[in-house]
Structure formats: C-alpha cells, structure tokens
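Colleague: Got a minute? I'd like to go through the aromatic rings with you.
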Amino acid sequence: MQRTEKYYEADAFRREATGHILAVEPGKTGGKLALDGTVFYPEGGGQPADRGTLTLADGTVLHVTDVHESEGVIWHTVDALPAGAVPGAEAAESIDWEWRFDKMQQHTGEHILSGILHAMFGAENVGFHIGSEAVRMDTSVPISAEGLREAELAANRIVWQDVPVLITYPTPEELAALTYRSKKEIAGQVRIVTIPGADVCACCGTHTATTGQVGQIKILASENYKGGVRLSVVCGQRALAEAQAMRARQADIGALLSAKSTETANAVHRVYEEYTALKFAHFGLCSQLFDTMAQLVTPGEDAIRIVNGLDPDGLHRLAVRLSEATSGLCAALTPTDKGTGYCLAQADGDVRALTKALNTALNGRGGGKPGICQGSCAATPEEAAEFLKNRE
C-alpha cells in the first residue's frame, strides 16, 4: 500500500489538510481509515496520538479517536464508517489544535530538560511519556534535589532565550560526524531536532518553532527509580495551571490558618506541633480510660464495650487491655461513617471463626491472628454487640 505523507513533520503548526482514503478496515464500532497524506500525528516515541475530525465530501463528520502507523501507513481510528468512507474518497482533516499544541509544549520542554541533564550529569533519558497530567521522564543516573533545581533553571534559561527549534535531515556522512541523543538504532533517514545550547536528538515528534513557545518548564516531583530518578514534569499551559492551582491551595491553607501566604509553612509547623501534643495527651487519657474499664470487668466473663471516637490503634489497645482482665470474649467497638470499627480478642483463645461469622452476618471485612482480629462492618455498634452477645 502507498505510504502516508506526513504533513506534521514538515509543519507541526499545520492544522488542516485534504486527504484521500487509501484503505478501510471496519471495526465493532467505527473502524480505521488509511490516508494518502495526514496532519494527524500517530502515537509513538512517548507522544500520544492527535485527535480531531475527518469530514467526507457529503458533510459527514468522523471523529478521530486514535492514530497509529504501520509500515509507513498511518491509520486513523474513527467512531463511524458510513457508506461514503471508501477508498478514493476525499476527507477534510482537522486536528484538535489545543490538544496538539499542549503535546508540542511538553515534548519540546522534555528535549530541553533531557539535553540539559545529559550535559550536566551525563544522564540518559531512558523513559519518556506524555501523560494526561504530567510528563514522565526516567534518567539513567541518580540526580540530587540541588542538581535538579540547577538543571530546571538552566532549562528555563533556554526557554527565555527563545532560540529556534531546528529540524534537519542529515546525510549518512553528516550523521556519522554528528553527536546526538537517540534511544535506539534507527534505520533509514534520521530526523534530527536541534535546540541550540540544549539538545541534539533524533526524534520524529512534533515541536514548537522556538523555545519561547514552551512557556515554562517545571519539575513537580522526583523519586528514585531503577538506579536513576523518575521525574514528573509540566510545561507551558500545564505549568501555568499547576501554578494557579498551587496558589489556590496556598490561599485556602492561609485562610484556614489565618496566615499570610509567606507564613503558611510556619503556621503548618505550629499546628502540627499542637496536634502532636494533643495526640500525646489523648493517648494518655485513653490509657487511663482503658485501665478503668478493665478494672470493672468481671474475670471469666465477656467484655463487649462501645467507645466513641477510637481509631484502629485505640480499638486494638482497648481490646488487648480488656483481654488482660478476663478470659472471656473481649470486643472494642466504635461507630464510623460506614458502620462500626471492631477489634475482637480473647486470652488463650481463637477469635478467627467468630470474626468470619461477624463479617458474613454484618457485611464486614477484617481478620488477624488467633488471639486478636480487627476490621469493620456495615452494622451499628449496638447491632454488632448484640450479634457477639448472642453468638452460639
């Protein structure tokens, strides 16, 4: 079959074109169309496929939901295959430009940052994907937080310089003399993307015309990953949206803590210290309460108690303390927004079968060791207590 002409490689800013259908493959819903020329970028190299529409001569609009390349032919997945979608038919192509330009910003920003990391630390980009929220980048070597800050600043300096993003197709001789980044061996003509001062890389993706169009490059997070680091990065409009969201969160925190935006960190530290002190005091008061409740237990009898406001640790501590005072069944119960949190215990006993029965009867889940089990159920604490008292 005739190979598809890739209009997006010659001009990433081209949004529309007129193509002709080469072949059709029906699917369960819709199908796939191959075109002789296309502005739609197919998924590949970490960059998602374009979205948009194909309009047939009779005005029928087909929505393009995915694009893939196979042996030089680019296939467009569409939501319908009407009678007019036949080989030779004309199709007016139109891409979702907001979607495309976002990918161009992310992809170009990745080139800049990858090139800078390679120059500064010898880091290879061993993994790259433009996700719906952020760009994921994996490096081959570890990089410190300070090193990432320096690289981020250097990458943004390239953005501020607004240098051109150059696309070239070197001859084999020129390529042999060229130092460039590439994740794999490439057969045939190699497309080189050059960003002066930042990167020279083999790439078939779409990019902005200048680095200034990237807007901003921001590293949101980093974590150790397979001997290197995994970065979460946003560029352009995504970086602006992240900054706006961060400012909104900062304002909410400031309002809650009655603190200026420059003082929220100190305010959070203060509240955390107060919370820690209260938690410590609460722990001590609960210990006193549990001791008193244990003292009131009759040895040899069951001790099933309902106490409001206990967390899982508190339930466990109460059940254990009660089991130290009696050989009977001990149960600590507390109301939750979904029913009841429970902890069952028995000295020298096995409460696993009872826990399973409770979960079955009261729509619960949980388990543990022979002497103590913990979980939750959908019933009220009173209903759970009644079940335990009436067990066989």
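Modeller: Sure, definition first: rings of Phe, Tyr and Trp (its six-membered ring) pair if their centres lie within 6.5 Å; planes under 30 degrees apart count as stacked, over 60 as edge-to-face and the rest as tilted. This is a predicted model, where local features need pLDDT of at least 70, side-chain atom pairs count only at pLDDT 80 or more, and totals for chains, interfaces and linings use all residues. Residues are numbered from 1 along each chain as its sequence is written, and side-chain values use heavy atoms, leaving out hydrogens and water.

Colleague: OK, how many aromatic pairs does the structure hold?

Modeller: There are 5 aromatic pairs. In one of them, Tyr8 meets Tyr41 edge-to-face, with 5.3 Å centre to centre and 80° between the planes.

Colleague: And are Tyr8 and Tyr41 buried or exposed?

Modeller: Both Tyr8 and Tyr41 are buried (under 20% relative accessible area; exposed is over 50%, partly exposed in between, with a 1.4 Å probe and protein chains only).

Colleague: What about Phe13 and Phe101?

Modeller: Phe13 and Phe101 make a tilted pair, 6.4 Å centre to centre and 55° between the planes. Phe13 counts as partly exposed at 30% relative accessibility, and Phe101 counts as partly exposed at 22%. Together with Trp97, Phe13 and Phe101 form one aromatic cluster.

Colleague: New topic: which ring does the charged end of Arg14 sit over?

Modeller: The ring of Tyr7, 4.4 Å from its centre. That label needs NZ of Lys or CZ of Arg within 6 Å of the ring centre and within 35 degrees of the ring normal.

Colleague: And Arg230?

Modeller: The charged end of Arg230 sits over the ring of Tyr225, 3.8 Å from its centre.
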